[in-house]
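Please read this report with the sequence and the structure side by side. The text takes up a handful of places in turn, and each can be looked up as it is named.

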Amino acid sequence: MFSVLSYGRLVARAVIGGLSQTDSRDYSLVTASCGFGKDFRKGILKKGMCYGDDACFIARHKSADVLGVADGVGGWRDYGVDPSQFSGTLMKTCERLVKEGRFVPSNPVGVLTSSYYELLQNKVPLLGSSTACIVVLDRQSHRLHTANLGDSGFLVVREGEVVHRSDEQQHYFNTPFQLSIAPPEAEGAVLSDSPDAADRSSFDVELGDIILTATDGLFDNMPDYMILQELKKLKNTNYESIQQTARSIAEQAHVLAYDPNYMSPFAQFACDNGLNVRGGKPDDITVLLSIVAEYTD
């Protein structure tokens with residue numbers, strides 16, 4: 001079984017050709033998700049929107065559509081801490097802030113910052129670490145605003161080509177930027193970055209653009225050309241087609257992650273850093289697949 005979530009009651013209508021600069025229509029995102037926890041050979045969705053230690057959310061407010069992914073750092077498990085609690089709570093808090101309208105579409109870092117500081121202020125500390133990627137579509141301006149901290153990320157595909165992508169942030173090999181909350185006795189010894197360190201971007205999107213937002217479990221196992229091959233199968237902009245393609249991408253990444261003979265992007269990166277590594281990278285995988293569509297109630 002695989003798990004797929006779709007969001008919103010929207011009708012997607014793709015357009016062929018360019019758009020005039022006077023396009024007054026509101027845009028929106030039609031989004032489906034699929035994922036796998038690395039400890040399961042079949043896709044299992046935990047309570048909320050969590051696949052293993054990964055978490056995600058899809059939300060909308062009157063001015064924007066917002067989505068995000070987070071990857072809990074698994075090393076906390078060695079200290080008796082469930083890594084999914086931190087990433088899951090971070091994303092659930094982001095979702096609540098969006099639904100309450102406590103955000104500015106042009107400032108996705110603000111959503112991440114507010115969510116993180118709520119976690120810091122909990123009476124009972126929620127220990128853990130996580131990467132995070134937030135994507136916001138401003139419906140009226142047709143601009144996408146993004147914030148990416150660590151090695152999760154996004155791609156924007158138009159007419160079969162990647163036209164925008166996030167930049168991966170690493171301190172050193174396999175050590176991404178991350179938000180963290182450590183016990184007092186470990187502060188200073190646990191790697192922790194500020195939400196303000198997130199890489200930011202803003203750019204215009206067009207109707208029919210495809211936005212793929214995912215954790216590193218996807219990007220470490222599937223290079224761009226494989227992802228683009230799967231996206232070519234997205235012939236329609238209805239929910240069923242988006243869900244099927246999201247599932248296809250997540251399933252392929254999941255299979256490749258357990259192939260010991262496959263030279264994955266992660267293995268290639270490891271070799272570039274002087275390590276003798278081959279094979280896929282078993283990891284949690286979360287995929288959010290979105291299409292920019294004309295907004296309708």
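Glu-230 counts as buried in this predicted model, because its relative accessibility is 6%, which falls under the 20% that marks the limit for buried residues. The side chain of Glu-230 nevertheless has a charged partner, for Glu-230 forms a salt bridge with Lys-233 in which the closest N and O atoms are 3.1 Å apart. Glu-230 belongs to helix 4, which spans residues 224–231 and whose buried residues are Met-226, Ile-227, Leu-228, Glu-230 and Leu-231. As a general point, an α-helix has 3.6 residues a turn, so residues three or four places apart point the same way. What covers the buried residues of helix 4 includes three strands and two helices named here, among them strand 8 (153–158), strand 9 (161–165), strand 14, helix 3 (216–219) and helix 5 (239–257); strand 15 (285–294) is also part of this cover.

**Salt bridges**

Side chains of opposite charge can pair when their charged atoms come close. In this structure the count comes to 18 salt bridges, and three of them are set out below.

| Acidic residue | Basic residue | Closest N to O distance |
|---|---|---|
| Glu-118 | Arg-96 | 2.4 Å |
| Glu-230 | Lys-233 | 3.1 Å |
| Asp-283 | Lys-281 | 3.6 Å |

The side chains of Glu-118 and Arg-96 meet at 2.4 Å. Glu-118 lies in helix 2 (residues 108–120) and Arg-96 in helix 1 (residues 83–99), so this pair ties together parts that are 22 residues apart in sequence. Glu-118 counts as partly exposed because its relative accessibility is 23%, and Arg-96 is likewise partly exposed, with a value of 31%. The pair also belongs to a wider arrangement, since Arg-96, Glu-100, Arg-102 and Glu-118 are linked in a network of salt bridges. For the bridge between Asp-283 and Lys-281, the setting is a buried one on both sides: Asp-283 has a relative accessible area of 9% and is buried, while Lys-281 counts as buried at 13% relative accessibility.

**A buried aspartate in a loop**

Where does Asp-209 lie in the chain? Its place is in the loop between strand 13 (199–204) and strand 14 (210–214). Asp-209 counts as buried, because its relative accessibility is 1%. A polar contact of 2.7 Å joins the side chain of Asp-209 to that of Arg-158, and a polar atom of the Asp-209 side chain also lies 2.8 Å from the backbone nitrogen of Glu-206. Leaving aside residues up to four places away in sequence, Asp-209 touches Val-156, Val-157 and Arg-158, and also Ser-290, Ile-291 and Val-292.

**Nonpolar cores**

The largest nonpolar core holds 29 residues, of which Leu-212, Leu-218, Met-222, Ile-227, Leu-231 and Leu-289 touch the most other members. At least two residues of this core are supplied by each of strand 2 (27–36), strand 8, strand 14, helix 3, helix 4, helix 5 and strand 15. Helix 5 gives the largest share, six residues. The contacts of Leu-289, again not counting residues up to four places away in sequence, include Val-30, Thr-31, Ala-32, Leu-212, Leu-231 and Ile-242. A second, separate core of 28 residues includes Leu-90, Met-91, Phe-103 and Ile-134.

**Aromatic rings**

The count of aromatic pairs comes to five. In one of them, the rings of Phe-173 and Phe-269 have their centres 5.4 Å apart and their planes at 65°, so the pair is edge-to-face. Phe-173 lies in the loop between strand 10 (170–172) and strand 11 (175–176), whereas Phe-269 lies in helix 6 (residues 265–272), so the pair ties together parts that are 96 residues apart in sequence. Phe-269 counts as partly exposed, because its relative accessibility is 32%. Ring pairs link Phe-173, Phe-266 and Phe-269 into a cluster.

**Cysteines**

How many disulfides does the structure hold? The number is zero. Cys-50 is in no disulfide, and the nearest cysteine sulfur, that of Cys-56, is 7.3 Å away. Cys-50 counts as buried because its relative accessibility is 6%, and Cys-133 is buried too, with a relative accessible area of 0%.

Key:
Residues numbered from 1 in each chain as written. Predicted model: local features only at pLDDT ≥ 70, side-chain atom pairs only at ≥ 80, totals over all residues. Heavy atoms only, no water. Helix = DSSP H or I, 4+ residues; strand = E, 2+ residues; numbered from the N terminus. Buried < 20%, exposed > 50% of the residue type's maximum accessible area, 1.4 Å probe, protein only. Polar contact = N/O pair within 3.5 Å; in protein donor to acceptor, adjacent residues only side chain to side chain. Contact = heavy atoms within 4.5 Å. Salt bridge = Lys/Arg side-chain N within 4 Å of Asp/Glu carboxyl O. Core = buried A, V, L, I, M, F, W, Y, C linked by side-chain atoms within 4.5 Å. Phe/Tyr/Trp six-rings, centres within 6.5 Å; stacked < 30°, edge-to-face > 60°. Disulfide = S-S within 2.5 Å.
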